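Thank you all for making time this morning. I would like to walk you through one structure, going from a single helix outward to the contact between chains.

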Amino acid sequence: MPGPSAFDEMTNADGSVREPYRVLEQWLKEQKPQALGLMAADAEGIFRRLGITFAVYGSNEGTEKLIPFDIIPRIISAIEWRKLSKGIEQRVRALNAFLHDIYHRQEILKAGRVPEKLILNNSAFCPEMMGLDPARGIYSHIIGVDLVRVSPDEWYVLEDNLRTPSGVSYMLEDREAMLQLAPDLFQRTKVAPVETYPENLRRTLESVAPRGASGSPTLAVLTPGIYNSAYFEHSFLADQMGAELCEGQDLFVENGKVYMRTTTGPRRVDVIYRRIDDDYLDPLTFKPDSMLGVPGLFDAYRAGNVTLVNAPGTGIADDKAVYTYVPEIIEFYLGEKALLSNVPTYNCTKPDERAYVLEHIAELVVKEVHGSGGYGMLVGPTSTREQHELFRNKIIERPDNYIVQPTLALSTCPTYVDAGIAPRHVDLRPYVLVGDQIRITPGGLTRVALKEGSLVVNSSQGGGTKDTWVLED
Amino acid sequence: MKLTVTHTLTCPLASPSRAVEHVLLTALSTPQQRVERWSIEMPGFADAATFRDGFGNKAYLVSQTKPGDTLRVTVSGTVETIDRAGVLGRLEYDPPPAMFRRPTRQTKPDAALIDGIDPSGGRIAALHEIMGRLHEGRAAMHQSQSAGVQEQASGSAPADLAHAFIGAARALDIPARYVTGYLLDEDGAASFHAWGEAFDEGLGWIGFDALLNVCPTERHIRLAAGLDAIGTMPVRMVPASTEVPAETIEIVEG
């Protein structure tokens with residue numbers, strides 16, 4: 001059960017409906033009893049036709065799954081969104097400034113505001129990037145900021161995904177499906193469009209083409225291939241923005257420049273939106289046995305002949321241990337207070353904080369510093385004693401490998417489940433593009449924990465998605 | 001001392017359709033050396049991309065289409081070396097020294113090597129002590145076993161010693177880096193060489209050659225610096241050479 005403290009985004013404690021949800025509530029009331037069930041079945045049909053699946057690592061029954069889609073949209077008012085997007089923009093500006101500094105003069109380390117060892121000895125720090133000047137000084141062009149809400153005015157940033165955030169195709173398809181399922185609902189209220197994302201992505205990529213590229217730069221999406229869990233998204237985005245979808249073997253480096261093989265001969269590539277991890281990008285510079293990358297790609301980038309999006313080494317700015325310093329980072333580079341709050345985080349390498357964590361583990365959330373996707377984490381309140389004990393031992397053994405946070409009372413949204421409409425916990429991942437300007441798609445991907453009372457929204461752990469609406473004034 | 005180097009590398013290949021190399025074989029002028037002329041010859045070099053890498057080295061990205069079954073690289077140059085007791089100082093393109101405290105797989109510290117050494121009593125003395133211990137350790141090993149066999153078994157002695165030196169310095173929180181170059185020894189024999197450089201706030205970068213137990217002299221020519229041997233390979237290539245490349249190195253005075 002969602003605790004009594006969880007904030008519901010539709011219904012106030014006194015049973016009244018919050019302003020942004022009034023139209024939806026009216027519409028829900030008007031639906032015949034069977035209508036929502038039929039709509040949910042239709043939705044499944046739509047997604048099967050679209051072919052959106054994802055791979056679940058470590059599951060036994062077939063690896064391809066359909067991410068459940070919830071037919072009830074999540075709604076954010078124009079005022080709420082303006083506030084939120086300001087905070088997001090501030091964050092991505094500061095983090096890009098941080099990356100530039102870390103890979104140049106390292107003023108923030110010299111000033112002692114962020115511990116030197118935390119950055120320079122971190123496996124996410126990429127020494128090969130030192131002194132490199134990427135186009136427009138931008139390192140992370142495509143960002144997904146994970147947020148949770150705990151009250152009408154309080155949002156927390158869970159993590160900044162500055163490497164290769166995925167899921168934007170779900171945001172687009174969720175809207176597409178919603179438009180098909182409930183066209184009348186869109187007649188009654190003005191919802192800000194998300195369909196402009198692929199066009200904005202193309203503009204962003206073109207705006208960071210290397211100097212000397214032609215007026216219409218050639219863009220490529222570099223994928224690890226069909227076995228990657230997000231392959232669908234790679235091919236979808238390439239298709240939507242009119243770029244080539246390439247695997248490593250489709251590209252080659254000659255005379256310091258990058259070319260793709262085409263039926264009409266080699267074609268120079270200017271900007272690569274790569275969905276391959278840093279380590280596998282180029283066997284000439286990184287992992288020598290990588291078969292996924294392009295030999296010489298990093299050197300061609302270093303020589304200024306191609307732009308990589310996102311830049312290698314951006315992981316140092318979304319490392320879970322660096323996360324705790326983001327408010328400091330914002331102040332250092334922008335001279336402003338952070339508009340969005342971080343979740344308070346315990347540092348297990350500090351004895352007093354570790355002692356607290358070990359004692360209160362049943363109330364806390366434990367995350368692996370380098371983990372993602374909800375793997376290797378503990379949600380204290382919903383775990384067994386054995387699991388608590390297991391994580392206690394893990395923390396004692398490697399205190400630097402974990403960060404620990406209080407269990408937040410994530411907001412809930414009305415969700416269509418077997419029993420009808422019931423509140424379920426949600427988070428939000430807005431997508432940000434940074435190029436000639438910062439473009440934040442209104443809304444983003446809402447993930448919903450479909451299990452009653454669950455706080456884990458990851459699709460690999462039984463989460464679903466919702467269409468996310470930002471209302472226009 | 002004026003030194004003229006000629007270095008050839010012959011890399012056997014399995015006749016790939018394409019080969020790409022990252023080349024770190026360029027000597028740059030520093031307070032320890034003035035480069036009079038320097039050239040690299042290899043197929044595709046005229047069209048290479050050149051840039052500063054993340055460690056301040058001058059690197060080349062070279063490629064060939066259908067390179068055949070061998071790739072031949074010839075380096076030649078003349079350098080006026082200056083003995084500055086191993087003090088390199090600070091170079092224009094050096095990244096911040098703190099970065100060179102980062103441990104790598106190849107520079108794991110050996111606790112015995114730094115046992116009892118306290119750099120707070122003098123950084124440079126501590127570094128000399130590490131260099132001395134490494135040199136003695138190696139000499140002892142040579143006496144107890146047939147030197148020739150030992151040499152073959154341990155791979156490249158200069159590389160191992162440089163890694164050990166760097167690992168020890170970093171364990172004492174002193175920034176240290178791996179340096180490649182050429183050496184003309186007292187007997188007139190020339191070799192591709194490696195040593196360590198450690199950072200001192202006052203003097204800047206200082207070289208330590210544990211193989212010879214000296215700070216680099218006018219018989220050393222400096223090429224590239226990095227975190228370890230992997231990051232400073234003179235020619236890193238994809239696909240990799242099918243065998244260890246054959247090498248000839250000649251250094252003459254004048």
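Let me begin with a small question: does A:Arg202 count as buried, exposed or partly exposed, and at what relative accessibility? Please keep in mind, as we go, that this is a predicted model. A:Arg202 counts as partly exposed, because its relative accessibility is 24%, and that value falls between the cut-offs of 20% for buried and 50% for exposed. Its side chain meets that of A:Glu206 in a salt bridge, at 2.9 Å from N to O, and A:Glu206, at 26%, is likewise classed as partly exposed. Both residues lie in helix 8 of chain A, residues 197–207, where they are 4 residues apart, or about one turn of the helix.

Elsewhere in chain A, salt bridges that share partners join A:Glu9, A:Arg18, A:Arg74, A:Glu80 and A:Arg149 into one network. Three members of that group come up again around A:Ser411, a residue in the loop between strand 17 (402–406) and strand 18 (412–417) of chain A. The contacts of A:Ser411, setting aside residues up to four places away in sequence, include A:Glu9, A:Arg74 and A:Arg149, and also A:Phe7 and A:His425. A:Ser411 has a relative accessible area of 0%, and so it is buried.

A salt bridge of another kind is the one between A:Asp467 and A:Arg175, whose closest N and O atoms are 2.9 Å apart. This pair links distant parts of the chain, with A:Asp467 in strand 23 (residues 463–470) and A:Arg175 in helix 6 (residues 168–181), 292 residues apart. Both A:Asp467 and A:Arg175 are buried. Over all chains, the count of salt bridges comes to 40.

Now to the nonpolar interior. The largest nonpolar core has 114 residues, and those with the most contacts inside it are A:Tyr103, A:Ile119 and A:Tyr197. Helix 3 of chain A, residues 78–102, gives the most to this core, with 9 residues. If we leave aside neighbours within four places in sequence, A:Ile119 is in contact with several residues of chain A, among them A:Phe98, A:Ile102 and A:Ile316, and also with B:Arg102.

That last contact takes us to the interface, to which chain A contributes 32 residues and chain B 26 residues. The area buried between the two chains is about 2300 Å², with carbon and sulfur atoms giving 56% of it. On the side of chain A, A:Asn255, A:Leu284 and A:Asp299 supply 25% of the area that this chain buries against chain B, more than any other three residues.

How many salt bridges does the rule find across the interface of chain A and chain B? There are 3, and one pairing in which side chains meet in a salt bridge is B:Arg18 with A:Glu254, at 2.6 Å from N to O. The rule also finds 14 residue pairs in polar contact across this interface. Helix 5 of chain A gives the most to the side that touches chain B, with 4 residues, and that side divides into 14 nonpolar, 10 polar and 8 charged residues.

I will finish with B:Arg101 and A:Glu116, whose side chains meet in a salt bridge at 2.7 Å, N to O. This pair crosses between chains, from a loop of chain B to helix 5 of chain A. B:Arg101 is buried, because its relative accessible area is 17%, whereas A:Glu116, at 28%, counts as partly exposed.

Terms used. Residues are numbered from 1 along each chain as its sequence is written. Chains are lettered from A and ligands numbered from 1 in the order in which they are written. This is a predicted model: local features need pLDDT of at least 70, side-chain atom pairs count only at pLDDT 80 or more; totals for chains, interfaces and linings use all residues. Side-chain values use heavy atoms; hydrogens and water are left out. Contact means heavy atoms within 4.5 Å. Buried area is the accessible area (1.4 Å probe) that two parts lose on being put together, summed over both. A salt bridge is a side-chain nitrogen of Lys or Arg within 4 Å of a carboxyl oxygen of Asp or Glu. A polar contact is a pair of N or O atoms within 3.5 Å; within protein, one must be able to donate a hydrogen and the other to accept it, and residues adjacent in sequence count only if both atoms are side-chain atoms. Helices (H or I, at least four residues) and strands (E, at least two) are DSSP runs, numbered from the N terminus. Ala, Val, Leu, Ile, Met, Phe, Trp, Tyr, Cys and Pro count as nonpolar, Asp, Glu, Lys and Arg as charged, and the others, Gly among them, as polar. Buried means under 20% relative accessible area, exposed over 50%, partly exposed in between (1.4 Å probe, protein chains only). A nonpolar core is a set of buried Ala, Val, Leu, Ile, Met, Phe, Trp, Tyr and Cys residues joined through side-chain atoms within 4.5 Å.
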